[in-house]
Amino acid sequence: MKRTLFRTRIKFCGLTRPGDVRLACELGVDAIGFVFAQGSTRRLEPEQARAMRQALAPLVDAVALFSDNSTQEVRDVVRHVRPSLLQFHGSEDDAFCRGFGVPYLKAIPLGSPIASGHPAALERLYPGAAGFLFDSHVAGGSGGSGKVFDWLRIPAGVQKPFVLAGGLDADNVFDAILATMPWGVDVSSGIETAPGLKDGDKMRHFVEQVRRADCHVPD
Ligand SMILES: O=C(O)c1ccccc1N[C@@H]1O[C@H](COP(=O)(O)O)[C@@H](O)[C@H]1O
């Protein structure tokens, strides 16, 4: 999507403590992600996430992240947590992703050479997606690795909004935004001291760097 850089949306993902949620909201983050992918060190049970959701300030979205979870697992999360957006990282197809009556983002793995798909093909595969999330995992692999991918791999001319993810932190997010002009950025490892445990200073610095990019006027 060609656009003028104006305000890059920020999503913090993989939070596991209500205090981190409250601080993220105070910092002006747009969305908080709760992870339900099996095997993730940041995984929450629906009941835990429901409690975390109550720490969300108004006008901040709750995003539920899945990776090849069962239909029943997704339904349980939708019922308990009431997310405003779903994020799918596995091999889910469009019919599955839109089967829950909640808008969704489809994560696209750009971590392997085979991932360089044509944007039109991507949009044909996921006509129901609200947008895409480009991440550094390889097809069939998991996310949240803290690895950066080559931003030049992002398919040019994607019409839907896209979120940039994969190894972002306060040191690289400024360059990442200027290089890719994403609708939003998503970070997990880059604001942590350990998986699931967010760090206040890292969160604040990350937001500062996104705001700096948004204010940047090219020469
Ligand atoms: O965070 C996880 O544990 C996770 C598990 C399975 C799929 C995705 C996961 N996280 C998402 O991966 C990207 C990149 O994260 P990072 O910043 O590189 O750590 C992001 O969308 C996370 O939410």
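The exercises below walk through a predicted model, each with a worked solution.

Residues are numbered from 1 along each chain as its sequence is written. Because the model is predicted, local features need pLDDT of at least 70 and side-chain atom pairs count only at pLDDT 80 or more, while totals for chains, interfaces and linings use all residues.

**Exercise 1. Find how the strands are arranged, and where strand S1 sits among them.**

Step 1. Helices (H or I, at least four residues) and strands (E, at least two) are taken as DSSP runs, numbered from the N terminus, and two strands pair if DSSP finds at least two bridges between them.

Step 2. With those terms, eight strands form a closed barrel in the order S1-S2-S3-S4-S5-S6-S7-S8, and their pairing is parallel. On average, neighbouring strands of this sheet are turned by 25° against each other, direction ignored; the axes are lines fitted to C-alpha atoms, for helices over the stretch in contact, and angles run from 0 to 180 degrees between N-to-C directions.

Step 3. Strand S1 (residues 9-13) pairs in the parallel sense with strand S8 (residues 184-187) over four bridges, and in this pair Arg9 stands opposite Gly184. S1 also pairs in the parallel sense with strand S2 (residues 31-35), over three bridges, where Phe12 stands opposite Ile32.

Step 4. A residue is buried if 20 or more other C-beta atoms lie within 10 Å of its own, exposed if 12 or fewer, and partly exposed in between, with C-beta atoms placed from the backbone. Four of the five residues of S1 are buried, so the strand is largely enclosed by the rest of the structure.

Step 5. Elsewhere in the barrel, strand S6 (residues 131-135) and strand S7 (residues 162-164) run parallel and are joined by three bridges, with Phe134 opposite Leu164.

**Exercise 2. Describe the unit that S1 and S2 make with helix H1, and place Leu27.**

Step 1. S1, helix H1 (residues 18-26) and S2 make a right-handed β-α-β unit, where right-handed means that, with the strands pointing away from the viewer, the path from the first strand over the helix to the second runs clockwise.

Step 2. Leu27 lies in the loop between H1 and S2, and it is partly exposed, with 15 other C-beta atoms within 10 Å.

Step 3. Although Leu27 and Gly200 are 173 residues apart in sequence, their C-alpha atoms are 9.7 Å apart in space. Two residues are in contact if their C-beta atoms, placed from the backbone, lie within 7 Å; leaving aside neighbours within four places in sequence, Leu27 is in contact with Met203, Arg204 and Val207.

**Exercise 3. Work out which residues of helix H3 are buried and which are exposed on the face turned away.**

Step 1. The buried residues of H3 (residues 71-81) are Val74, Val77 and Val81. They cover an arc of only 60° around the axis, which puts them on the same side of H3; the arc is that of the directions from the helix axis to the C-beta atoms.

Step 2. On the face turned away from this buried side, H3 carries the exposed residues Thr71, Gln72 and Arg79. The cover over the buried residues includes S2, helix H2 (46-53) and strand S3 (61-66).

Step 3. Most residues other than glycine have a negative phi. Arg82, which follows H3, has a positive phi near 55°, and its place is in the loop between H3 and strand S4 (85-88).

**Exercise 4. Do the same for helix H6, and describe how it meets helix H7.**

Step 1. In H6 (residues 173-180), Val173, Ala176 and Ile177 are buried. Seen down the axis, the buried residues of H6 fall within an arc of 95°, so they line one face of the helix.

Step 2. The face turned away carries the exposed residues Asp175 and Leu178, while the cover of the buried residues includes S7, S8 and H7.

Step 3. The axes of H6 and H7 (residues 200-215) come within 8 Å and cross at roughly 35°. The contact is made by Val173, Phe174, Ile177 and Leu178 of H6 and by Phe206, Gln209, Val210, Arg212 and Ala213 of H7.

Step 4. Just after H6, Met181 takes a positive phi of about 50°; Met181 is in the loop between H6 and S8, and with 17 C-beta neighbours inside 10 Å it counts as partly exposed.
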